[in-house]
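Trainee: Could you take me through the aromatic rings of this model, please? I would like a close look at how they pair up and what lies around them.

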Amino acid sequence: MLLFLFIAITSFSQEAHRRWRKMNQIRNDKFDLVLPEVMRENNIDMWIIMNREGSFDPLYPDMGEGYVGLTGYYIFTDTGEERIERSVLGISGYLLKEGGAYDHFGSEPELKKFVEERDPKRIGLNYSKEIGGADGLLYSGYLELSEILGKEYTERFVSAEKLVSDFRSRRVASEIAVYGEACELSYTIAEKALSNAVITPNVTTLEDVAWWMKEQLHKHNLESSFGMPSVYVTGPRGVIATSNSRIIQRGDVIMIDWGVGLMNMYTDMKRIAYVLDEGETSVPPGIQNAFDQGVKVREIIKNNIKAGLTARKNEENIYRALEKAGFNKMKGFNQHTDGDKTDVIIGCHSVGNWGHGVGPSIAFFNPKRLDYVIKPTNLLSIELFAYTKVPEWGGFKLRVPLEDDAIVTERGVEWIYPINPKVLLIK
């Protein structure tokens with residue numbers, strides 16, 4: 001018994017150490033390879049990320065966390081050398097120091113002298129009107145920095161909004177490796193959830209499935225991209241019920257929309273299943289055709305996203321290609337027509353450090369980032385909604401949502417893991 005307990009404890013500690021090492025590798029790689037590029041592109045000489053105890057900046061995990069007594073700062077300075085100087089004032093801790101990412105550790109009161117010695121011309125701070133992940137600086141924190149640094153340096157404050165977006169969305173190899181690991185867990189759990197291993201028709205509820213998925217997060221020590229997994233039934237009139245006590249019935253079309261968090265990387269993906277009715281052995285032709293139309297849309301999207309163009313230009317190119325292929329662009333979300341054409345709307349958003357990331361986004365719901373340029377290594381959720389008439393439903397349209405995560409390369413879009421290939425069957 002004691003031997004078993006020792007093995008269990010050792011195994012757990014090894015996994016904790018493994019994850020910590022991987023996150024350190026990501027941090028060091030990004031500081032070495034991405035940070036100099038994005039600070040210089042955005043013309044920011046010094047980047048100050050302020051944290052208070054109990055009120056951490058959204059980039060706190062990216063920076064290595066640590067213990068903040070009252071107030072602390074991660075500070076990055078472009079001294080003109082190849083390496084960006086990395087400093088920490090007022091934040092301590094074994095994990096932060098042993099991570100090897102920082103050149104200097106000091107105390108909070110050093111801030112004014114530290115800034116004066118380096119005399120930056122533009123000081124980036126994390127405040128933003130449109131990107132929540134770049135808006136970590138509290139108003140009281142802004143006032144405090146202004147008071148400490150004085151009028152001369154306050155006049156040099158600029159928003160680090162674009163810097164945050166660029167830093168987080170440009171990926172290094174170690175980061176992509178971790179993301180692939182998260183994606184494997186995400187899709188395998190989702191696909192098992194939509195199977196008879198979890199679902200018994202006319203017995204299992206939608207919330208039963210959602211809670212089973214939440215239990216898998218607990219089992220694998222994962223976080224959730226969006227809280228409760230969205231497990232929902234779609235019918236001729238749209239979504240019928242989501243993650244509630246509604247019992248899963250034969251003839252149901254079930255969707256899952258969810259994501260997992262692993263080592264500061266978060267996925268966002270969907271899966272679809274059909275519950276066979278009595279006497280059925282396959283998906284009804286109309287539902288299968290609706291899914292197939294969605295797959296065609298997905299392929300067109302994938303083939304028309306190019307690095308080096310703004311997200312907006314990519315969006316224009318995608319819709320142009322879709323309309324040429326006979327699909328109809330919807331005017332707004334869920335605003336489908338009654339026509340025979342398949343109606344489509346896309347939302348290929350940034351993904352990575354949250355289920356919805358802060359990078360360039362080919363999505364109507366991220367208007368600011370439609371004007372950001374898509375770069376190689378950006379992670380995108382290739383998301384679409386295709387509405388196709390189903391004869392078995394009296395001609396009403398089925399909304400087929402497809403979503404899987406991919407990386408943009410010089411070659412175009414490349415999938416990171418096996419994408420949604422079919423309508424899963426529940427017997």
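Mentor: Happy to; here is a walk through the rings, followed by the sheet and one loop residue. Please keep in mind that this is a predicted model.

Let us begin with the rings themselves. A pair of aromatic rings is described by how far apart the centres are and by the angle of the planes. The structure holds 16 aromatic pairs. In one of them, the rings of tryptophan 20 and tyrosine 94 have centres 6.5 Å apart and planes at 25 degrees; planes under 30 degrees apart count as stacked, so this pair is stacked. Tryptophan 20 belongs to helix H1 (residues 2-33) and tyrosine 94 to helix H4 (residues 94-98), so the pair ties together parts that are 74 residues apart in sequence. Tyrosine 94 has a relative accessibility of 58%, and because exposed means over 50%, tyrosine 94 counts as exposed.

Phenylalanine 56 and tyrosine 60 make another stacked pair, with 3.9 Å from centre to centre and 0 degrees between the planes. The two partners fall into separate accessibility classes: phenylalanine 56, at 39% relative accessibility, counts as partly exposed, whereas tyrosine 60 is buried, with a relative accessible area of 11%.

Ring pairs also build a cluster, which links Phe31, Trp47, Tyr74, Phe76, Tyr102, Phe105 and Phe167.

Some rings have a charged side chain as company. The charged end of arginine 118 sits over the ring of phenylalanine 114, at 3.6 Å from the ring centre. Lysine 162 lies over the face of tyrosine 372, and here the distance to the ring centre is 5.1 Å.

Now for the sheet. It is open, has 6 strands in the order S4-S3-S2-S1-S5-S6, and its pairing is mixed. Strand S4 (104-106) and strand S6 (157-159) are the edge strands, each pairing on one side only. On average, neighbouring strands of this sheet are turned by 25 degrees against each other, direction ignored. Inside the sheet order, strand S2 (residues 67-77) and strand S3 (residues 85-92) pair in the antiparallel sense over 7 bridges. An aromatic residue turns up here too: tyrosine 73 stands opposite leucine 89 in S3.

Finally, have a look at threonine 205, in the loop between helix H8 (173-193) and helix H9 (206-219). Threonine 205 is buried, with a relative accessible area of 11%. Leaving aside neighbours within four places in sequence, threonine 205 is in contact with Asn244, Ser245, Arg246, Ile247 and Ile248.

Technical notes: Residues numbered from 1 in each chain as written. Predicted model: local features only at pLDDT ≥ 70, side-chain atom pairs only at ≥ 80, totals over all residues. Heavy atoms only, no water. Phe/Tyr/Trp six-rings, centres within 6.5 Å; stacked < 30°, edge-to-face > 60°. Helix = DSSP H or I, 4+ residues; strand = E, 2+ residues; numbered from the N terminus. Buried < 20%, exposed > 50% of the residue type's maximum accessible area, 1.4 Å probe, protein only. Lys NZ or Arg CZ within 6 Å of the ring centre and 35° of its normal. Pairing = 2+ DSSP bridges. Axes fitted to C-alpha atoms, helices over the stretch in contact; angles between N-to-C directions. Contact = heavy atoms within 4.5 Å.
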